[in-house]
Amino acid sequence: MDRDRTTRGPVRRNHRGRGLSMHHHGHHGTETALLGPGGWAAAILLVAALAAYPAAVSALYRRGTAWPASRTASWAAGCLCVGAALVGPLAERAHHDFTAHMAGHVLLGMLGPLLLVLAAPVTLALRTLPVRAARPLARILSSPPAAVLTDPFVAGALSVGGLWALYRTGLYALTHTDPLLHALVHAHVFAAGYLFAFAVLGGPDPAPHRPSPPWRAAALVLAIAVHNILAKTLYAAPPEGVPAEQARAGAELMYYAGAPVEIALIFLVCRPWILPRRRTSDGPGIGSAQVT
Amino acid sequence: MSTPTRAQPRPRHGRNLTAGILLGLGTVAFVDEVVFHQLLHWHHFYDLSTSDVGLVSDGLFHAFSWFATVASLLMVAALRRERAFRGAAFTAGWLTGAGFFQLYDGLVHHKVLGLHQIRYGVDLVPYDVTWNAVAAVLLVSGIVLWTVTARRAGRSAATTGAGA
């Protein structure tokens, strides 16, 4: 519908580098086509999440309760990671560049979720919500389905198994033509990443079904192994519709950029287990008990 | 084990050894990744002869090696806090662990499973011999030191038991 305008795109791109995205920025019609409805929904949700957390913290503060600034910072950084993967230049490049897609995967499914989990949003919600809203939330957390979903092996299978299904079936190619499927895959990658980080760390939010540290560490090591094996097979055999060069660069990025997040997870699982804090090492809800 | 009596610091020989073995594994994997993959570019990220079993074994090896490194360093910190860190026992574990996993990588990964070779486009024999000889020396000296420190730990445990 906008064809005569888009033909000017490449000319501007030549002397501007980012010309194409600048061009689309002015015309909402083409931008929605690029972002898709999922992109807009993600942007709105992110802004809401980014605003709600400090609002809750300041509500606590007015009541005279302290909340660690590091958690607020972690929340903001997590939102930015997720945002960078879903909206903006990286998300646009990810449509045709597998390496950019993989950078997005590390931000959306690994680093972003870890930072958000460390911000303990559920603890914050339980403290600030009125009791009649907080009680159902607590009940959901301790329900049997939550026990299954927050098992580290189940969460790991959802997360890494989901990736395996994405790249090893025709699903990845389909996400480029079906915007709804594209949005669903992004939502799954993020949700499963969050669930896995939470299940493996068993906190700082209340985790009533948390298994023992060796069990969580075993799930983590297994998930890291499967993630790395997947990266190597992507290097060897590109997913449907991805050129070999891009697949190789993307696979190496998946392997090496994922490693720092994996090491951080290992450290966070092992520290309270092997090197517990001297005094307050015995209480169950370490993260939530120490605040106030 | 989690709540030792305050009065006498326990020798913790086994924990020192375990921490050493874990760091030995971590060191081998780290040297493999940093020196041979990244700096020298001798190893390849993937080579076409790689078998599925080799891929799985390598994936588990590297995932576990990160865990081993982190867990070992935290164990050392915990031992030092208890003033129970023993350098000799830790070194015995480190040598044994490094030797064992270097040998595993050199024999099982490179030779049996054909994951990748040490270097490409050269005569492999001197490389393989050096690699595995280094591994064997590490492993043997580790086992020797292990025996020595275990005997010493047994003796000191006997004397602390008598009230030293």
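The legends below describe close-up views of a predicted model with chains A and B.

**View 1. Contact between chain A and chain B.** Chain A contributes 18 residues to the contact, and chain B contributes 17 residues. On the side of chain B that touches chain A, 15 residues are nonpolar and 2 are polar, with no charged residues.

**View 2. Helix H13 of chain A and the residue that follows.** Helix H13 of chain A covers residues 179–201, a run of 23 residues. At 1.5 Å a residue the helix should span 33 Å, and this agrees with its end C-alpha atoms, which are 33 Å apart. A:Gly202, just after H13(A), has a positive phi of about 60°.

**View 3. Spans of chain A annotated in UniProt as "transmembrane region".** The unreviewed UniProt entry lists residues 40–61, 73–91, 103–126, 146–167, 179–203 and 255–274 of chain A under this name. In the model, residues 40–61 of chain A are 100% helix and 0% strand, with 32 Å between the end C-alpha atoms. Residues 255–274 of chain A are likewise 100% helix and 0% strand. The end C-alpha atoms of residues 255–274 lie 27 Å apart.

**View 4. Confidence along chain A, with two low-scoring segments.** Chain A has a mean pLDDT of 81, and 82% of its residues reach 70 or more. Over residues 1–33 of chain A, pLDDT stays under 50, and the model has 21 contacts beyond four places in sequence for this segment. Residues 280–292 of chain A also stay under 50 in pLDDT; for them the model has 18 contacts beyond four places in sequence.

Note on methods: Residues numbered from 1 in each chain as written. Chains lettered and ligands numbered in written order. Predicted model: local features only at pLDDT ≥ 70, side-chain atom pairs only at ≥ 80, totals over all residues. Contact = placed C-beta atoms within 7 Å. Nonpolar A, V, L, I, M, F, W, Y, C, P; charged D, E, K, R; others polar. Helix = DSSP H or I, 4+ residues; strand = E, 2+ residues; numbered from the N terminus. Expected span 1.5 Å × (residues − 1). UniProt positions renumbered as here; feature names shortened; annotations may be inferred. pLDDT = per-residue confidence, 0-100.
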